[in-house]
Amino acid sequence: MNIEKITGNKKQFLDLLLLADEQEDMIDRYLPDGDLFGLYDGDLKSVCVVVPVNSDTCELKNIATFAKYQGRGYGRALMVYIADFYRKHYKTMLVGTGETPAILSFYKGCGFEVSHRVKNFFTDNYDHPMFEGDIQLVDMIYLKKDLQE
């Protein structure tokens, strides 16, 4: 397994990024200034994008694994890597997601705890109703992880 920071032609990963954030113009808001990482195990398995929030905090804006590779630990391995990578630069990492039990459980299993909620984020910022399975996403749930532990 190999994880690398990708600096050029980030849009070539759009098909995978769209698995976690299905509206391209929302990805275009953070991809240019974000750090993009790819996890390879033979071929590409997962990607993530991290952006600075302020001098103490960064935010994981997107993490996605191709469907056929989900459940094999690639996302978790990428989370461990980026937490370690950003530990030298930031105290806290945030991640925002919909109120979906499986996804919230994944982040909690990676050491995140619920921080706060942004009411109506998905209904106010996306041009169509967003669903994860049969759950409509309305509020953004933010979780945080202390990187200094």
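A residue counts as exposed when its relative accessible area is over 50%. Select asparagine 9 in this predicted model: at 54% relative accessible area, asparagine 9 is exposed because the value is over that cut-off.

**Asparagine 9 and asparagine 120**

Keep asparagine 9 selected and locate the loop between strand E1 (2–6) and H1, where this residue lies. Its backbone deserves inspection: phi of asparagine 9 is near 50 degrees, a positive value in a residue other than glycine.

Move next to asparagine 120, in the loop between strand E6 (113–118) and helix H5 (121–125). Asparagine 120 is not a glycine, yet phi is positive here too, at about 60 degrees. With a relative accessibility of 34%, asparagine 120 is classed as partly exposed, a term that covers values between the 20% and 50% limits.

**The whole chain**

Zoom out and colour by secondary structure. The protein contains five helices and nine strands. Read from the N terminus, the order of elements is β-α-α-β-β-β-α-β-α-β-α-β-β-β.

Now display the C-alpha trace alone. Along the principal axes of the protein, this trace spans about 35 × 30 × 30 Å. The radius of gyration is 15 Å, which agrees with the value near 15 Å that a compact globule of 149 residues would have.

How much of the protein is buried? Of the 149 residues, 44% are buried. Switch on the accessible surface, which comes to about 7900 Å²; carbon and sulfur atoms account for 47% of this area. A contact map adds a further view: among contacts with a separation of 6 or more, 65% join residues 24 or more positions apart.

**The largest pocket**

Rolling a probe the size of a water molecule over the atoms shows where empty space is left. The largest pocket has a volume of about 1000 Å³. To find the centre of this pocket, select Ala20, Ile63, Thr97, Ile103 and Tyr107, the closest to it of the 42 lining residues.

Which element supplies the largest share of the lining? Strand E4 (residues 57–65) does, with seven residues. Colour the lining by class to see 23 nonpolar, eleven polar and eight charged residues.

**Leucine 19**

Select helix H1 (residues 14–20) and, within it, leucine 19. Is leucine 19 buried or exposed? Leucine 19 is exposed, since its relative accessible area of 51% is over 50%. Beyond residues up to four places away in sequence, leucine 19 touches Ala64, Thr65, Phe66 and Ala67. Draw a distance from leucine 19 to asparagine 62: the two C-alpha atoms are 9.2 Å apart, with these positions 43 residues apart in sequence numbering.

**Leucine 137**

The last stop is leucine 137, placed in strand E8 (residues 135–137). With a relative accessible area of 8%, leucine 137 is buried, because the value falls under 20%.

Show the neighbours of leucine 137, leaving out residues up to four places away in sequence. The residues touched are Gly98, Glu99, Thr100, Phe122, Thr123, Met130, Phe131 and Glu132. To finish, draw a C-alpha to C-alpha distance from leucine 137 to arginine 76: the separation is 23 Å for two residues 61 apart along the chain.

Notes
Residues are numbered from 1 along each chain as its sequence is written. This is a predicted model: local features need pLDDT of at least 70, side-chain atom pairs count only at pLDDT 80 or more; totals for chains, interfaces and linings use all residues. Side-chain values use heavy atoms; hydrogens and water are left out. On a 1 Å grid over the protein atoms alone, a cavity is a set of points where a 1.4 Å probe fits but cannot get out, and a pocket is an open set with protein on both sides within 12 Å along at least five of seven lines; lining residues have an atom within 4 Å of a point. Grid points are joined across faces, edges and corners, and a volume is the space filled by probe spheres set on the points. Helices (H or I, at least four residues) and strands (E, at least two) are DSSP runs, numbered from the N terminus. Ala, Val, Leu, Ile, Met, Phe, Trp, Tyr, Cys and Pro count as nonpolar, Asp, Glu, Lys and Arg as charged, and the others, Gly among them, as polar. The radius of gyration is taken over C-alpha atoms; the globule rule is 2.2 Å times the number of residues to the power 0.38. Buried means under 20% relative accessible area, exposed over 50%, partly exposed in between (1.4 Å probe, protein chains only). Contact means heavy atoms within 4.5 Å. Accessible areas come from the Shrake-Rupley method with a 1.4 Å probe; for residues, only the protein chains shown count as cover.
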